[in-house]
Amino acid sequence: MENGDIPEDANEHCPGPQSESAGKSDACEGCPNQQICATAPKGPDPDLVAIAERMANVKHKILVLSGKGGVGKSTFSAQLAFALAAKDFQVGLLDIDICGPSIPKMLGLEGQEIHQSNLGWSPVYVESNLGVMSIGFMLPNPDDAVIWRGPRKNGLIKQFLKDVYWGELDFLIVDAPPGTSDEHISIVQCLEATTVDGAIIVTTPQQVSLIDVRKEVSFCKKVGVEVLGVVENMSGLSQPITDLKFMKLTDSGEQKDVTEWVMEIMREKSPEMLNLIAFSEVFDSSGGGAVKMCSEMGVPFLGKVPLDPLLCKAAEEGRSCFADTRCVSSAPALKKIIDKLMKTNGLSMLVSNGV
C-alpha cells in the first residue's frame with residue numbers, strides 16, 4: 001500500500017486505503033486488508049508535520065523487526081544502541097512494543113519515569129549520549145498489562161514521535177514488536193516523509209522462525225522500507241568450557257553433578273582444554289537457516305550471533321556486552337555485524353569524518 005495505492009489483492013470496488021471509508025464500507029467486506037485499512041491513519045494528518053520537524057534533527061533512523069517473538073530482537077536493539085553510543089554517537093532508542101516493553105530492563109532503567117519540559121517529553125538517559133523512550137516508563141506497576149486496541153497504540157506511537165525531545169541525534173533505533181501489525185504500519189506511515197534508512201530483521205535458525213521472517217521481508221518490500229540485513233540470533237550455544245556444568249545420569253534416572261571431577265581431570269591431564277569454547281547446535285538449521293533465506297529473497301545477511309548465556313546475563317542486568325571481556329562468544333559476533341552494517345550502508349563514514 002505504498003503511497004496510498006490500492007493493494008493488488010484488494011476487492012473490486014476498493015475505496016483506497018487513505019479514504020475515510022477504508023475498511024468500513026460494504027466494498028471492504030471480506031478483503032484481506034480490511035482491518036489494516038480500518039485502523040490506519042487517513043488523509044492529511046497535521047501531526048505528521050510535527051513529527052517531520054522532530055525527526056529533522058535525527059540523521060539516521062533504523063527499525064529493528066522480527067517475524068516471531070522470543071528471537072532476541074530487543075536484546076539486539078539494546079546492544080546496537082550500546083555499541084553506537086560507545087562510538088560517541090548521539091543515540092536514541094525508541095521502544096514501540098506497547099504490550100511487551102522490555103527495553104527499560106535491558107538498558108538498566110527499570111523504575112525510571114518520563115519527565116516533561118517546555119520542549120516536550122524528555123527521554124530517560126543511560127549515558128549523556130544514549131536516551132531511551134518506552135511505555136514501560138509510564139506504567140504505575142510493571143506487572144500491569146497494556147490491553148489496547150490498534151488506534152490507541154497508534155496514538156501513543158505518534159505521540160512518542162512528535163512529543164519526545166531527543167535533541168540532535170545521529171541514530172534513532174526503533175525496537176518494534178514481532179509481526180506485521182498496527183505498530184509497524186503506524187511507524188512506517190509516520191516516518192514516511194522523514195526517510196527511514198531501513199530495517200534490521202532478527203531471526204533464529206529454524207524454519208518455524210524463518211517462515212515468519214519471510215513475511216517480515218515481504219512487509220518491508222510492500223511498504224518501501226529497505227532491508228538493511230538479517231541477523232541470525234541464537235545460532236548455536238557457545239560458551240567457555242569452564243562455564244559448563246557436567247552431569248552424570250545415574251541408574252535411577254537422576255542427574256548427578258560431576259563438574260568438579262571433570263574439571264580436575266582436565267586440569268591434570270589436558271590443561272589446554274580449559275581455554276576451549278564449547279559449541280552445540282540448539283535449533284535445527286538443516287534447512288539452510290537465515291543465509292539460505294536471504295539468498296532466496298534477495299536481502300543482505302549480516303551474520304550470526306551465538307546463544308551466549310553471558311549475553312543473556314548482560315541483558316538481564318541492563319548492561320552492554322562490550323563493556324568488559326565476559327561475553328567472549330557473543331560480543332565479537334555482534335561487533336562484526338554492527339561494523340558490517342555501518343560499512344555496507346555508508347555509515348562508517350560518520351566515524352572517519354567524526355560526525
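Which residues does the UniProt annotation "binding site" from an unreviewed entry cover, in the set with C14? The answer is four cysteines: C14, C28, C31 and C37. Keep in mind that we are looking at a predicted model.

Let's take that set first. In sequence, the four are spread over 24 residues. In space, they cluster. The largest C-alpha distance among them is 10.5 Å. And there is a cavity to look at here. C14, C28, C31 and C37 are included in the lining of the largest cavity.

Now zoom in on C31. Where is it? C31 sits in the segment before α1, the helix that runs 34-39. Is C31 buried or exposed? Its relative accessible area is 14%, and buried means under 20%, so C31 is buried. What does C31 touch, once we set aside neighbours within four places in sequence? It is in contact with D9, A10 and N11.

Next, C37. This cysteine is found in helix α1. Its relative accessible area is 9%, so C37 counts as buried too.

On to the other set. UniProt, again in an unreviewed entry, gives the feature "binding site" at G67, K68, G69, G70, V71, G72, K73 and S74. One residue from this set, G72, belongs to the lining of the second largest cavity.

Let's visit both ends of that stretch. Start with G67. Which elements lie on either side of its loop? The loop runs between β1, residues 58-66, and α3, residues 73-86. G67 has 14% relative accessibility, so it counts as buried. Who are its partners, leaving aside neighbours within four places in sequence? G67 is in contact with P178, G179, V202, D212, V213 and E216. Find those on the structure, and you can see which parts of the chain come to G67.

Now S74. This serine lies in helix α3. Why do we call S74 buried? Because its relative accessible area is 8%, and the cut-off for buried is under 20%. Not counting residues up to four places away in sequence, S74 touches S102, I103, M106 and D175.

Let me recap. UniProt's unreviewed entry marks C14, C28, C31 and C37 as "binding site", and these cysteines cluster in space. It also marks the set from G67 to S74. There, G67 sits in a loop, while S74 lies in helix α3. G67 is buried, and S74 is buried.

Notes: Residues numbered from 1 in each chain as written. Predicted model: local features only at pLDDT ≥ 70, side-chain atom pairs only at ≥ 80, totals over all residues. Heavy atoms only, no water. UniProt positions renumbered as here; feature names shortened; annotations may be inferred. 1 Å grid on protein atoms, 1.4 Å probe; cavity = no way out; pocket = protein on both sides within 12 Å on 5 of 7 lines; lining within 4 Å. Helix = DSSP H or I, 4+ residues; strand = E, 2+ residues; numbered from the N terminus. Buried < 20%, exposed > 50% of the residue type's maximum accessible area, 1.4 Å probe, protein only. Contact = heavy atoms within 4.5 Å.
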